[in-house]
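Work through the exercises below with the sequence and the 3D structure open. Try each task before reading its solution.

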Amino acid sequence: MLDKPASALRLRERLLDSERLMEETGCYDGITELTLRNQDPLKFETLHTKLRAYCVSAREMARRISASPGVREVGEMVVAIYTPEGDAIALSNGIMVHVHTMSRFIKWMIKNNYEENPKIREGDIFANNDAFIGTVQVPDVMDVVPIFHEGTLVGWAGAVCHELEAGGITPGGDVCLAQERFTEGLFVCAEKIGENDEIRRDYVIRCERNLRMPIYWVLDEKAKVASCIDMRESVQHLISEIGLDYWMKVSKEFIEEGRRAQLARTRQLTVPGIYRGHTFYGHVTAGKPGFQLLGDPDWLYNIPIEMEITTDGKITMDFEGTQPWGYHSMNCTPAGMDGGMFVTLTQHMNFEGLVNDGAWMATELKLPHGTWTNPDNEMVATATSWALLLPAYGVFQRLLSRGFVARGFVEEAFVGQVNSPMIEMGGESQYGTPFGMAHFECAAAGSGALAIADGLDTAYVGWNPESDMGNIEVWEQSMPMVYIGRSIVPNSGGAGKYRGGCSFVSTWLINKTSHLRLHTSEHSSRVFDNGGMCGGYPAPTCQKHRAVRNSNIHELAAKGEPLAHAPGIAPDVSDYEKNIGGDHVVVEGPYITAPHKSGDIFSHSYNGGGGYGDVLERDPIKTAWDVENGFLTRQAADQVFGIILKDDAEGYPVADIDATIKRRAAMRKQRLAKAIPVSDWIEAERGRVEKADFAPEVKKMYASAIKLSSRFTKDFSDFWKVDAKSIFMPGAKP
Amino acid sequence: MTSYSKEVLADLAAGQLPWPQTRRIMSAYKDDDRFFKMVAVYQDRVAWKDPILLPVSDHLFICQSGDERITRCECGHSFGDYRKNWKLKAAIIVRNTEEALREIYPNSDIPDPQWMEIREFICPECGTMHEVEAAAPGYPIVHDFEPDLEGFYREWLGKPL
């Protein structure tokens, strides 16, 4: 059991001691008994509730200090309280992905002997946004302050805001063009940025001179510091009530209880065994302007995941077989991968009881060295790490959901989060000033379906459980564009008995600027990256951008002619082309091109979620409602779901149940007539595999996976009964 | 201790429980007797008598069939030993052309069939679509789930298998 008062050991020794105790006992900090909890459970629970209240309150206060619409409107912020060694005790709502990444930041400083130099003193403020130290990407800037009680370090308060502009090679924060670390923007590498509770003027000057829109970053720093000081004072007040020794013990018992709660939760909700799944990410960059010639253009990434749940309740996720890091911005770090695990656990398993770093300690990630999950080169760019991170943890959600379904908790099964491409911009604002920022309405995509209901429409992303697209007026106030449309994209949810949540598309008129650069990131094209489950289809891809340069929209408006407010539902000809004159542009995948100017039109769409269950079981009445409200088209209802709709007296769609039953019976027969035994398909497909008769990007994907993973090589070879190495790496040693 | 009737769970599984009630179930402490009650709900649904040991998908179950434990479709079709990948005994439709993909995505953006295909795994008897894989051409068919059935019953449920 724990028997350590506020220790006289130096921080680094305390941290190493804590890690050794965990190794030896399997329990956090060697706590084998929850003594304080057993002595007075009510006091124990009340204290944790207080800590959580401190965090929630501090975050809400900070959001009102922040100037950034990303933080203020969308809530891209989280705060947490840590032990002296850097383990999270309690956290707020918000972007919980960063709770454990901040833990890594604190531990990094401790292990790098910051206690000696630059010293850790009362009133100090430390900041970091280096993903190899502990964050996900450059725009996630974290601040921590030490908490002292009568001269003893008793914890840390930490806060993270996602900044809308990071000073990289392209404006915004998710810098799509970054192919090395040196183009990602302003790095703050575990620096002391303030003393005596005041942010240093020289640090602010550095921000002002290296960011396109420093007001957001600097005001967010103030918001974060204010929230940290608020939490610090609350904890100090609490310690004066309960005593230092009790605090030092109880704060660690909270974490051990969190670890035990996670194990118990896994045993309660899932089934032990091996779970497997995969997803893909396809990025089209060939020929696009701005990309340096560092690596091959066009990327196809496979992300296979094997998850093991052991009978003690531990979850291990193994990424073996995935792709190497590359000269692009989509690499991740172990900190980012930890963050993905933490945000998924807190949303899908730990929605009651204690949530803290204990939950993370009940899991393990196997991140093969040299892959995008764990690059063996710290110079790589991680600016758009969410591009691969989010689909990967979407798979994790589907794997967990298999466990929920098997255990009978169907109401928890969730087809998973989606990648939601972000649009970023910069240039000259409508006020005539330089600007750069990310548009954060991407924080509200369509979610995957549930096992009992359709997914959420335009209301979910994995990285922010409070997903909010923000008000149109807020974005118009900050960017030289006015909305001419924001609407549901019909059929954008994956088809299924329960469909995925639908996404939306925004259409803007570029206004009052002669120079607007537009780029998109996290934009998978050419492949599905949001899968379905139990017979549901993946969500459609989201690859086309449509723009009109030199449009005649003002003339049309003056004449009262019809405008186009969305691309429409014809796959080949958009409503813009039908209704608006000008130079029409269609771009596949990430958008990066010459600057736009006033009078141009631009449209950007977001992703929907995957479907659940067989499409032929979808409720016809619900489908009629979907068609009436623009979530599905009549064509899809008929062609995909086999649902026959007719019009009522007022012209509204209603389901023709008898006709639907007949049509579905016919579709089922067609399926059976068309399907072949899997064994026949494998036999026929083997010849293609032996000849590697695949697109160059597919061949490259297999070659790199085979190079990095003996298991992938064996699995591939065993499945097809071929020698994978000789096919994809001719000349390689067998 | 939270507990729900079999009727409530049957409605929940069928997606027919009113949303406010569903929401309360989602937010409440989980019911420890859920597994066997839900198995009973599924057992009522299937036309066959072999006892269900574990649901693995919407219409797919592991059941005890004589001395064997097999993966079985709700219609009764057997996919063989539960430890082996049931998909290998299924029927398949592969969508790897723009035309075939457009049937499912009539107006939306679709992948490049050179980069990605859809594989539909279908019960060869009743035509139920049990799973859809989206994979690059040539990617091995994934074995989704290998439950530790013995460990689950022995250590988590506290009952012999």
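The exercises that follow concern a predicted model.

**Exercise 1. A helix and its surroundings**

Task: Work out what span helix H10 of chain A should have, and compare it with the distance between its end C-alpha atoms.

Solution.
- Step 1. Helix H10 of chain A covers residues 334-348, which is 15 residues.
- Step 2. The expected span is 1.5 Å times one less than the number of residues, so for H10 of chain A it comes to 21 Å.
- Step 3. The end C-alpha atoms of H10 of chain A are 21 Å apart, which agrees with the expected span.

Task: Is H10(A) largely enclosed or largely open?

Solution.
- Step 1. A residue counts as buried when its relative accessible area is under 20%.
- Step 2. In H10(A), 15 of the 15 residues are buried.
- Step 3. Therefore H10(A) is largely enclosed by the rest of the structure.

**Exercise 2. One serine in a loop**

Task: Locate A:Ser385 and decide whether A:Ser385 is buried or exposed.

Solution.
- Step 1. A:Ser385 sits in the loop of chain A between strand E11 (363-366) and helix H12 (386-407).
- Step 2. The relative accessible area of A:Ser385 is 0%, so this residue is buried.
- Step 3. Not counting residues up to four places away in sequence, A:Ser385 touches A:Val136, A:Gln137, A:Ser329, A:Met330, A:Asn331 and A:Cys332.

**Exercise 3. Salt bridges within chain A**

Task: For the salt bridge of A:Arg59 and A:Glu466, state which parts of chain A the pair ties together.

Solution.
- Step 1. Over all chains, the structure holds 71 salt bridges.
- Step 2. In the one between A:Arg59 and A:Glu466, the closest N and O atoms are 3.0 Å apart.
- Step 3. A:Arg59 belongs to helix H3 (residues 41-65) of chain A, while A:Glu466 is in the loop between strand E13 (434-439) and helix H13 (472-478) of chain A, so the pair joins parts 407 residues apart in sequence.
- Step 4. A:Arg59 has 0% relative accessibility and counts as buried, whereas A:Glu466, at 32%, counts as partly exposed.

Task: Do the same for A:Glu306 and A:Arg276, which lie in strands of chain A.

Solution.
- Step 1. The side chains of A:Glu306 and A:Arg276 form a salt bridge with an N to O distance of 3.1 Å.
- Step 2. Strand E9 (residues 299-309) of chain A holds A:Glu306 and strand E8 (residues 273-283) of chain A holds A:Arg276, so the pair ties together parts 30 residues apart in sequence.
- Step 3. A:Glu306 is partly exposed at a relative accessible area of 21%. A:Arg276 is partly exposed, with a value of 21%.

**Exercise 4. The interface of the two chains**

Task: Describe the contact between chain B and chain A by its residues, its buried area and its charged pairs.

Solution.
- Step 1. Chain B supplies 82 residues to the contact and chain A supplies 93 residues.
- Step 2. About 7,200 Å² is buried between chain B and chain A, with carbon and sulfur atoms giving 60% of this area.
- Step 3. In chain B, the residues that lose the most area to chain A are B:Trp115, B:Tyr139 and B:Trp156, together 13% of what that side buries.
- Step 4. Nine salt bridges are counted between chain B and chain A. A:Glu411 and B:Arg34 meet in a salt bridge through their side chains, at 2.9 Å from N to O.
- Step 5. The interface also has 42 residue pairs in polar contact.
- Step 6. Strand E7 (residues 129-135) gives the most to the side of chain B that touches chain A, namely seven residues. By class, that side of chain B has 48 nonpolar, 13 polar and 21 charged residues.
- Step 7. A network of salt bridges links A:Arg402, B:Lys87, B:Glu117, B:Arg119, B:Glu131, B:Glu133 and B:Asp144.

**Exercise 5. An arginine with contacts in both chains**

Task: Find where A:Arg526 lies and which residues A:Arg526 is in contact with.

Solution.
- Step 1. A:Arg526 lies in the chain A loop between strand E16 (516-521) and strand E17 (544-549).
- Step 2. With 17% relative accessibility, A:Arg526 counts as buried.
- Step 3. Beyond neighbours within four places in sequence, its contacts in chain A are A:Val284, A:Asp298, A:Gln543 and A:Glu588, and its contacts in chain B are B:Pro111, B:Asp112, B:Trp115 and B:Met116.
- Step 4. The side chains of A:Arg526 and A:Glu588 are joined by a polar contact of 2.7 Å.

How values were computed: Residues are numbered from 1 along each chain as its sequence is written. Chains are lettered from A and ligands numbered from 1 in the order in which they are written. This is a predicted model: local features need pLDDT of at least 70, side-chain atom pairs count only at pLDDT 80 or more; totals for chains, interfaces and linings use all residues. Side-chain values use heavy atoms; hydrogens and water are left out. Helices (H or I, at least four residues) and strands (E, at least two) are DSSP runs, numbered from the N terminus. Buried means under 20% relative accessible area, exposed over 50%, partly exposed in between (1.4 Å probe, protein chains only). Contact means heavy atoms within 4.5 Å. Buried area is the accessible area (1.4 Å probe) that two parts lose on being put together, summed over both. A salt bridge is a side-chain nitrogen of Lys or Arg within 4 Å of a carboxyl oxygen of Asp or Glu. A polar contact is a pair of N or O atoms within 3.5 Å; within protein, one must be able to donate a hydrogen and the other to accept it, and residues adjacent in sequence count only if both atoms are side-chain atoms. Ala, Val, Leu, Ile, Met, Phe, Trp, Tyr, Cys and Pro count as nonpolar, Asp, Glu, Lys and Arg as charged, and the others, Gly among them, as polar.
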